[in-house]
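Me: I should like to learn how to read the features of a protein model. May we go through them one at a time?

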Amino acid sequence: MVRFRSFAPIFFILVFAFGACTKKKSPEANVPNQKVLRFSTIAKLKGMDPVQTSDLYSSTEVNRVYENLFQYNYLKRPYELELLLAESMPEVGKDKLTYTFKIRPGVKFHDDPAFPEGKGRELEAKDFVYSLLRLADTHTQSPGWWILEGRIEGLDAWREEMKSKMAADYDKPVSGIEVVDARTVKLKLVKPYPQLLNVLAMPYTGIVAREVVDKYGPEFLNKAVGTGPFILEEFRPSEIVTYRKNPNYWGGKYPSEGEAGDQERGLLADAGKALPLADRIEVRVMVESQPRWMNFMKGELEVIGVPKDNFKDAITPDVKLTQEFQQKGIGLEKTPALDFTYNSFNLASDIVPQFRDKRVRQAISLAIAAEQAREIELFYNGLAIPAETPIPPGVAGYVAEYKNPYKVANGIEKAKKLLADAGYKDGKGFPEIPYDIVSSTTSRQIAEFQASALKKVGLNLKILSNTWPEFQARTQRGQAHFWGIAWSADYPDAENFLQLFYGPNAQPGGMNRANYKNPRFDEIFNRARVMPDGPARTKLYEQLAKIVAEDVPVVFGVHRVNLNLTQPWLANYKYSEFPLNEAKYLDVRLDVKASNAK
């Protein structure tokens, strides 16, 4: 899910720690005239196991190697699912509960010692089933179980049975999963699941080979043997990850159609060419924005989100490139993101039990909102859109005219009254609030800005800096009490945002890390999640958004706008909310690069 966006460092959700694995570079690493894509990631990587990919950064790296049954079309908008490892769209029963999938023939896993004679074998239906079971297996501790929980007949029961065993029995049949033949799988759902194909495009369901997992055991986290266009070459999660082109890639061609304007932008110049187009990928871990900026300016990164401290160097007041950057041939993409930033309460906190009082949460929201206009100018270059609910513009359920009653610019007095009504007049008697952030300059600046806003109603924040893995672990395990993060769409449907507030998704391990539970919300959500897309479902989404706006389980921040700069030699770059397979479409125009080097 990397967006190659200019992140204000309020981050996405992640999990678990990692080890380091170094692979010897291939002889091709220093071959002249290679097409090398050079990227950066702003967070240390936790590993390469698909079932652990709950964060944007690791997901991006995993999907250079692993593939799913489906993906989103690279060029078309609105976003459109298309076939990847599936040979065809599934055959769906009249009851909307039975799905029969055909696996694409001729697809092979990367060569690896886990296979006989080190040669990758052909992908089969059993691999898809095994990968689903790994996601359900409690021993893998996958944070992605929520996408399958309560969905497939017999799978929840299998999960519960395996929980008490030393190791899961992947050979034990599940009533709702049938391997019909080597290339056919039939799934039987418990109830309709309109998002099924969307979740089968998520990194969690990337297909792995059982013999590879068995061979490497715990070290599988640091390995990657998939069917994708690139082969993992070197993995140092705190420093660098490199890949080389898969010489045996099963196929795939650059698309020959997109949306209006793509032809004029040169995005169809490579139509019909075999993928991937580049020879290598190098990804460097750069937590701070200034090293990333310096590397981009030296021509050592292909694309970068515009850091707030360099905004005026590159962007004019009317949000265009400065003349200097235009003369260099640098490209600019401005795109609204399908996301929202927020500060999350832990409603199960034993350190700040006061959070369970809705009036306290409403007061905190009002205090922070009073300074939001200035915050947007300081940290988002004036481009972000205030988030009234979790549903962003461009997604059904977003209501442009709706105004959150606890996000008003002049709400300080109301905030003070709410705190007084809760027994904390002028903040007296209220404990210091631990506020977890990721260690970076901008993260601390945002935290200090919000701490200043809360002081105006008598509340104090204690800022706790964490490494990215520490931050992930604390939020997942319920050890954090108040923290700033963001959520970006896994698929273009409001359910993906609203599931953050669904009671059964609460901790341990679920995505409802606020531990918010509202029976009315859950009842409406359960109705909406089995309905097909349409006005009736959208109306329910709107109701759900208003419920969480009133209850304030989180303080809603902003919907971000992405500004991305690209080098003149980078071809085929188009911003996507779902760019997990993006790299295979990108190319490096070596002649343009050579010309710029002179």
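Reply: Let us begin with how two helices cross. In this predicted model, H2 passes H3 in a right-handed crossing.

Me: At what angle do helix H2 and helix H3 pack, and how far apart are their axes?

Reply: Helix H2 covers residues 125–136 and helix H3 covers residues 155–163; the angle between them is about 60°, and their axes are 10 Å apart. H2 is therefore oblique to H3, since angles over 145 degrees would count as roughly antiparallel and those from 65 to 115 as roughly perpendicular.

Me: Which residues make the contact between H2 and H3?

Reply: H2 contributes Leu 133, Leu 135 and Ala 136, while H3 contributes Leu 155, Trp 158 and Arg 159. By character, the residues of this contact are five nonpolar, no polar and one charged.

Me: What is the angle between helix H15 and helix H16?

Reply: Helix H15 (residues 519–528) packs against helix H16 (residues 535–551) at about 160°, with the axes 10 Å apart. That angle makes H15 roughly antiparallel to H16. The crossing of H15 and H16 is left-handed.

Me: Which residues of H15 and H16 make the contact?

Reply: On the side of H15 they are Arg 520, Phe 521, Ile 524, Phe 525, Arg 527 and Ala 528; on the side of H16 they are Arg 537, Leu 540, Tyr 541, Gln 543, Leu 544, Ile 547 and Val 548. The residues of this contact divide into nine nonpolar, one polar and three charged.

Me: How do strands of a sheet pair?

Reply: Strands of a sheet pair through backbone hydrogen bonds, and the pairing is either parallel or antiparallel. Here, one open sheet has four strands in the order E4-E5-E7-E6, paired antiparallel. Strand E4 (91–92) and strand E6 (177–181) are at the edges; each has a single partner strand, so one side of each lacks a neighbour in the sheet. Two bridges join E4 to strand E5 (residues 98–102) in the antiparallel sense. Within that pairing, Val 92 has Tyr 99 of E5 as its bridge partner.

Me: What is the pairing in the open sheet with the order E1-E10-E9-E8?

Reply: The pairing in this sheet of four strands is mixed. Its edges are strand E1 (36–41) and strand E8 (230–236), each with a single partner strand, so one side of each has no neighbour in the sheet. From one strand to the next, the twist averages 15°. E1 runs parallel to strand E10 (residues 280–285), and six bridges join the two. Leu 37 stands opposite Ile 281 in E10.

Me: Where are the cis peptide bonds that I should look at?

Reply: One is the bond from Arg 77 to Pro 78, with omega near 0°. Pro 78 is placed in the loop between strand E2 (70–72) and strand E3 (81–83). Another is the bond from Leu 275 to Pro 276, with omega near -5°; Pro 276 lies in the loop between strand E9 (240–245) and E10.

Me: What is phi of Gln 141?

Reply: Phi of Gln 141 is near 50°, a positive value in a residue other than glycine. Gln 141 belongs to the loop between H2 and H3.

Me: What is the average pLDDT of the protein?

Reply: The average is 92, and 94% of the residues score at least 70. Over residues 1–27, however, the pLDDT is below 50; in the model this stretch has 143 contacts beyond near neighbours in sequence.

Note on methods: Residues are numbered from 1 along each chain as its sequence is written. This is a predicted model: local features need pLDDT of at least 70, side-chain atom pairs count only at pLDDT 80 or more; totals for chains, interfaces and linings use all residues. Side-chain values use heavy atoms; hydrogens and water are left out. Axes are lines fitted to C-alpha atoms, for helices over the stretch in contact, and angles run from 0 to 180 degrees between N-to-C directions. Angles under 35 degrees count as roughly parallel, over 145 as roughly antiparallel, 65 to 115 as roughly perpendicular and the rest as oblique. A crossing is left-handed if the near helix is turned anticlockwise from the far one by less than a right angle, and right-handed if clockwise. Contact means heavy atoms within 4.5 Å. Ala, Val, Leu, Ile, Met, Phe, Trp, Tyr, Cys and Pro count as nonpolar, Asp, Glu, Lys and Arg as charged, and the others, Gly among them, as polar. pLDDT is the predictor's confidence in each residue, from 0 to 100. Two strands pair if DSSP finds at least two bridges between them.
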